[in-house]
Structures are given as structure tokens and as C-alpha cells.
Amino acid sequence: MNIPVFPETSVALKGRKGLIVGIANDQSIAWGCAKAFRALGADLAVTYLNDRAKKHVEPLAQALEAPIFMPLDVNTEGQMERVFEEIRK
């Protein structure tokens, strides 16, 4: 899982932070977006839908060097609040 590096723009998003939701696997559009954001220097938090998805998303979050990796199902009460609380920290 190579994260592309664009030397001329690798700091375009340096210091910026993003939340990536919707990665299901390495074919997800969200994964492509996350790789591009990371290649441009952004720090990313990554969420996964449930335990079944976790095993597919975790290696991708590691490749992105995501300091936050948490479950997020908007139908589960309190999960969204926990994600944003962790981001605030």
C-alpha cells in the first residue's frame, strides 16, 4: 500500500487535519481520497463501520499513519460523539 509522494506539493496540506469515513477496502473511493490527502501532508483520523470492516480498514489506516482509528456507525448512539471527542483531544 504505497502512499504516493509528490515532492513539489508534499506539504500543501501540512498541518491540516482530516477525518476519513467510508473506507471499506483498498478499492474504496474514500481510500483513494485518503491517500491523496496524506500524500499532500495532511494528518488523518480514520473510522470503520464495524468489527467486520475493521480487519480490512486497519492496515489502510496504518499505511496512512493515522493516529486515530475508531469505529463510527451513525446509527449507534454515542459513537459519533466519541469520535469527535477523540479528535478534540
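Ala, Val, Leu, Ile, Met, Phe, Trp, Tyr, Cys and Pro count as nonpolar, Asp, Glu, Lys and Arg as charged, and the others, Gly among them, as polar. These classes are used at the second stop of the tour. The model on screen is a predicted one.

**Stop 1: the whole chain**

Show the protein as a cartoon and colour it from the N terminus on. Three helices and three strands should appear, in the order β-α-β-α-β-α. Of the 89 residues, 30% count as buried.

**Stop 2: the largest pocket**

Select Lys17, Gly18, Leu19, Asp43, Leu44, Ala45, Pro67, Ile68 and Ile87, which line the largest pocket. Two elements, β1 (17–20) and β2 (43–48), each give two or more residues to this lining. The volume of the pocket is about 170 Å³.

Now colour the selection by class. The lining has six nonpolar residues, one polar residue and two charged residues. Gly18 is in the lining, and Gly counts as polar. Lys17 and Asp43 are also in the lining, and Lys and Asp count as charged.

**Stop 3: Asp43 and Lys17**

Keep Asp43 and Lys17 selected and show their side chains. The two meet in a salt bridge, at 3.8 Å from N to O. Asp43 belongs to strand β2 and Lys17 to strand β1, so the pair, 26 residues apart, links distant parts of the chain.

Which of the terms buried, partly exposed and exposed fits Lys17? Lys17 has a relative accessibility of 70%, so Lys17 counts as exposed. Asp43, at 33%, is partly exposed, because this value lies between the cut-offs of 20% and 50%.

**Stop 4: Arg38**

Add Arg38 to the view; this residue is in helix α1 (residues 29–39). Arg38 also forms a salt bridge with Asp43, and their closest N and O atoms are 3.4 Å apart.

Then show the backbone atoms of Ala42 and Leu64. Which distance separates the backbone oxygen of Ala42 from a polar atom of the Arg38 side chain? That distance is 2.9 Å. The backbone oxygen of Leu64 lies 3.0 Å from a polar atom of the side chain of Arg38.

**Stop 5: Lys89 and Glu86**

The structure holds five salt bridges. For another of them, select Lys89 and Glu86, whose side chains meet at 3.7 Å, N to O. Lys89 is exposed, with a relative accessible area of 71%, whereas Glu86 is partly exposed at 31%.

To finish with charged side chains, select Lys17, Arg38, Asp43 and Glu65 together. Salt bridges that share partners join these residues into one network.

**Stop 6: the aromatic pair**

Clear the selection. How many aromatic pairs does the structure hold? There is one. Select Tyr48 and Phe69 to see this pair, which is tilted, with 4.7 Å from centre to centre and 35 degrees between the planes. The term tilted applies because the angle is neither under 30 nor over 60 degrees.

Tyr48 is in strand β2 and Phe69 in strand β3 (residues 68–71). With their positions 21 residues apart in the numbering, the pair links distant parts of the chain.

Is Tyr48 buried or exposed? Tyr48 has a relative accessibility of 7% and so counts as buried, the cut-off being under 20%. Phe69, at 21%, is partly exposed.

How values were computed. Residues numbered from 1 in each chain as written. Predicted model: local features only at pLDDT ≥ 70, side-chain atom pairs only at ≥ 80, totals over all residues. Heavy atoms only, no water. 1 Å grid on protein atoms, 1.4 Å probe; cavity = no way out; pocket = protein on both sides within 12 Å on 5 of 7 lines; lining within 4 Å. Points joined across faces, edges and corners; volume = space filled by probe spheres on them. Helix = DSSP H or I, 4+ residues; strand = E, 2+ residues; numbered from the N terminus. Polar contact = N/O pair within 3.5 Å; in protein donor to acceptor, adjacent residues only side chain to side chain. Salt bridge = Lys/Arg side-chain N within 4 Å of Asp/Glu carboxyl O. Buried < 20%, exposed > 50% of the residue type's maximum accessible area, 1.4 Å probe, protein only. Phe/Tyr/Trp six-rings, centres within 6.5 Å; stacked < 30°, edge-to-face > 60°.
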